[in-house]
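Trainee: I've got the model open and I'd like to talk through how its inside is put together. Can we go step by step?

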Amino acid sequence: MPLPQYLRPAPWGLPEASMTISGDTWRIQVLSECLVRVEWSPSGRFEDRPTQMVVDRGFTPVTATLTRTPRPGGEDVLVRTPHLTLSYDGEEFSGHGLSASVRQGAEWGGTWRWGVDDSLEDIHYRNLGGTARTLDGADGRCALEPGVMDGRGISALEDRSAAINASGWVEPREAGSRDVYVFAHGTDFRGAIADFYRLTGPQPVVPRFALGNWWSRYHAYSDAEYRELVGRFEEERVPLSVAVLDMDWHLVDLPEEYGSGWTGFTWNRELFPDPRDFAAFLHDRGLALTLNLHPAEGVRSFEESYTRMARRLGVDPASGDPLPFDPADPEGMAAYLEQVIAPLERDGVDFWWIDWQQGSHTRVPGLDPLWILNHLHVLASAHDHGGRGLTLSRYAGPGSHRYPVGFSGDTVVSWASLAFQPEFTATASNIGYGWWSHDIGGHMSGVRDGELQTRWVQLGVFSPVLRLHSTNNPFGSKEPWQFGMRECAVQETYLRLRHRLVPYLHTEQLWGHEALQPLVQPMYWEDPESRGAWEVPNEFMFGRSLLVAPVTTPASRTTDMAAVPVWLPEGSWTDLLTGLTYEGGRRLTMHRRLEELPVLARPGTVLPLAGLDEDDPAVASVEAPASLEVVVVAGADGEYALVEDDGVEGGARATTRLTWEDATGTLTVHPLRGDAGLVPGLRRVRVRVLDARTGDTASLDPSTGALVTGTVEVTPEAGAVLVTGSTGTAGPARADVERRVRDLLERASTGLDLKVALMDDAASGSPARALSALFAREVPDELRSALAEILSAGEW
């Protein structure tokens, strides 16, 4: 029985590749000048249908030459494009018979050979990694599956996934067949991921509410307790946009004859007497609702949906026989979605957390149950929500980026876990997986550490999805007020900042969907020719405007600051949270108090944030804001096109162009293009300028900002102009450097006489003299490094 139409992906008739050459048992398709497909089929039946990984092979025409040279017993095949040469002997794939080389500029770069191990230690000579199915139980680093990026500039990805037939279901591949895609993009990593997305589908756009703060905890909440929790967040003026209920929302304490309580589809009415009213309560407060699912044990007779499901499958409900969960049965999966899941959604569930942990095999060879769950849930969700489907689930192989968002699993609460997550998130972009959601704060075990939790929250703010989470340990909850006063204040400040970032994040995801780029990108994508960019795996670009280097180690007891290794590409970079400006093209160590982490931007950056409402100056929702705060990094002209939409795939949009003219210190809010009904009819716009040239390098406070230079009310049709007067040309004031040094020395745990001497050095008037004196003295290493950062930032 075919699946309902809404559960079938498109397109079904894939366009052919622009250039093809084939023999009896092999076929080569040139998809782009950097991407070639090579197939081997023992029967000569080649795969033209979509697969679990691939949805489109119809690339634009390319420039290539295809040469066949006869030889005794066979022939040699040579494919040449401006960027690669592929050599093939027409036989079953082997290391000596199938290889390719990449051209980088005028030179030939690395060579790839079929089946040859490339797991070298040097990142410049191996695959750069992709992602992993889960971080369950991880306490730090774990192994990663390959991505499509390689330090040699060439790599290959084999499509081992099942084909999808015209009914929308999967079919096994021919035994012994091979289907390989060779990516030869050199150091054009953004070009490589764009080709990957063309092949496998673009990065989806998630609903706007998914970009805010999620609350999640493994805990048997009651309706009253959850309402109290939401009320406490409101009292603390900390915004939430997604409410997550772990497995205890359903019946878990079952009679022995029913088996485990992990699987369940029926609300626990003792905890939630009126689920529809509970969902309405959350929706009235702007929160979406998601529930945890472990579907492996099927639908048993105690479930409210049992009778409906049994009749749909032709089983007598009076039998009480359990209805097995069979991911390989299309009729059973359609019934599951329509008879079990859909009624719960009609009562107010917005999307599902699919917590599948029962292996990767089904009756259909190549069909991973996790993949089919993700696939069908997202298609059903998209059908019901304007084309933008959503689920929370683990990674199920290449192509899984189409099913956002990823649940990375149950990590151990430790500094080692925190230290790996930025790298894990950035590296996942090498396989196009751009929507990871981590357990912010970690899930289990470990120790309770307020500093660790605070740094994890800061990472979450600059992650694709921020989901606070903890296990059911009574001492493990992650509400900010469970920690010390300082940690609580910082966490709440950053959680507010996350909601203020939503206008930027939503614009960036819309741009990335069309430009075929993920939100988070490793630094070697940004600066591939500089070796230093390869040595900072925890640093990444967050959208097009922001460079982020999360803090993942404890603070020094000497300085009360944590050290962060950073690589800055060429040019000038200003830290939005400290106001310090640095010249790039170098690696340095930055030092940050608990209240700060390095978030930098180039001159000319125009960053739109949700503005601060006069009546509630702390909280921003995830909706199109009634006020905007535009942060400008002076020093160059710049612009940003803020995009807002109706939340429907392919629906209406409104674009507000913001331009900064540096010479006159003028920010122009241009008249809106598109549907004016999508934005408030009157919007307050405030501009804040960070300008290292004026002598005032005040920073942007995460919650309230600094350096207000102008405010104006704007109607979408008219636009507005703000002249800030920020046109200075002098270097940063020496007084500002001295102030920063004094602040650092006030906090430092070191001798008072040494502090006086270091302060005198900083006041000498020359950065070179101050640095020379600093390195001539006996100073604790952490303190020397922190002072050197201040003294060497910019020029004064």
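**Cores, rings and sheet**

Mentor: Sure, and keep in mind that this is a predicted model. Its largest nonpolar core has 184 residues, and the ones with the most contacts inside that core are Y226, L245, Y336 and F462.

Trainee: How many residues does the other core have, the one lying apart?

Mentor: That core includes V30, F93, A100 and V182. It lies apart from the largest one, and its residue count is 24.

Trainee: Which residues does Y336 touch, if we skip those up to four places away in sequence?

Mentor: Y336 is one of the residues with the most contacts inside the largest core. Leaving out the sequence neighbours up to four places away, Y336 touches F265, L293, P295, M309, F325, I341, L373 and H377.

Trainee: On to the rings: what kind of aromatic pair do W249 and W267 form?

Mentor: A search of the whole structure turns up 31 aromatic pairs. For W249 and W267, the centres are 5.1 Å apart and the planes stand at 70°. Planes over 60 degrees apart count as edge-to-face, so this pair is edge-to-face.

Trainee: Are W249 and W267 buried or exposed? And how many residues apart are they?

Mentor: Both W249 and W267 are buried. They sit in the loop between β14 (242-245) and α3 (275-284), and their separation along the chain is 18 residues.

Trainee: Why is the pair of W249 and W352 called tilted?

Mentor: The ring centres are 6.3 Å apart, and the planes meet at 55°. That angle is neither under 30 nor over 60 degrees, so the pair is tilted.

Trainee: Where is W352, then?

Mentor: W352 is buried, as is W249. The two are 103 residues apart, with W249 in the loop between β14 and α3 and W352 in strand β16 (residues 351-354).

Trainee: Which residues do ring pairs link into a cluster?

Mentor: W249 pairs with W267 and also with W352. Ring pairs join these three and others into a cluster: Y221, Y226, W249, W267, F272, F278 and W352.

Trainee: Which ring does R227 lie over?

Mentor: R467 lies over the face of W353, at 5.9 Å from the ring centre. For R227 the distance to the ring centre is 4.6 Å, and the ring is that of F281.

Trainee: Last one: which are the edge strands of the open sheet?

Mentor: The sheet has 6 strands in the order β21-β22-β23-β28-β25-β26, with antiparallel pairing. An edge strand pairs on one side only, and here those are β21 (520-522) and β26 (581-583).

Key. Residues numbered from 1 in each chain as written. Predicted model: local features only at pLDDT ≥ 70, side-chain atom pairs only at ≥ 80, totals over all residues. Heavy atoms only, no water. Phe/Tyr/Trp six-rings, centres within 6.5 Å; stacked < 30°, edge-to-face > 60°. Helix = DSSP H or I, 4+ residues; strand = E, 2+ residues; numbered from the N terminus. Buried < 20%, exposed > 50% of the residue type's maximum accessible area, 1.4 Å probe, protein only. Lys NZ or Arg CZ within 6 Å of the ring centre and 35° of its normal. Core = buried A, V, L, I, M, F, W, Y, C linked by side-chain atoms within 4.5 Å. Contact = heavy atoms within 4.5 Å. Pairing = 2+ DSSP bridges.
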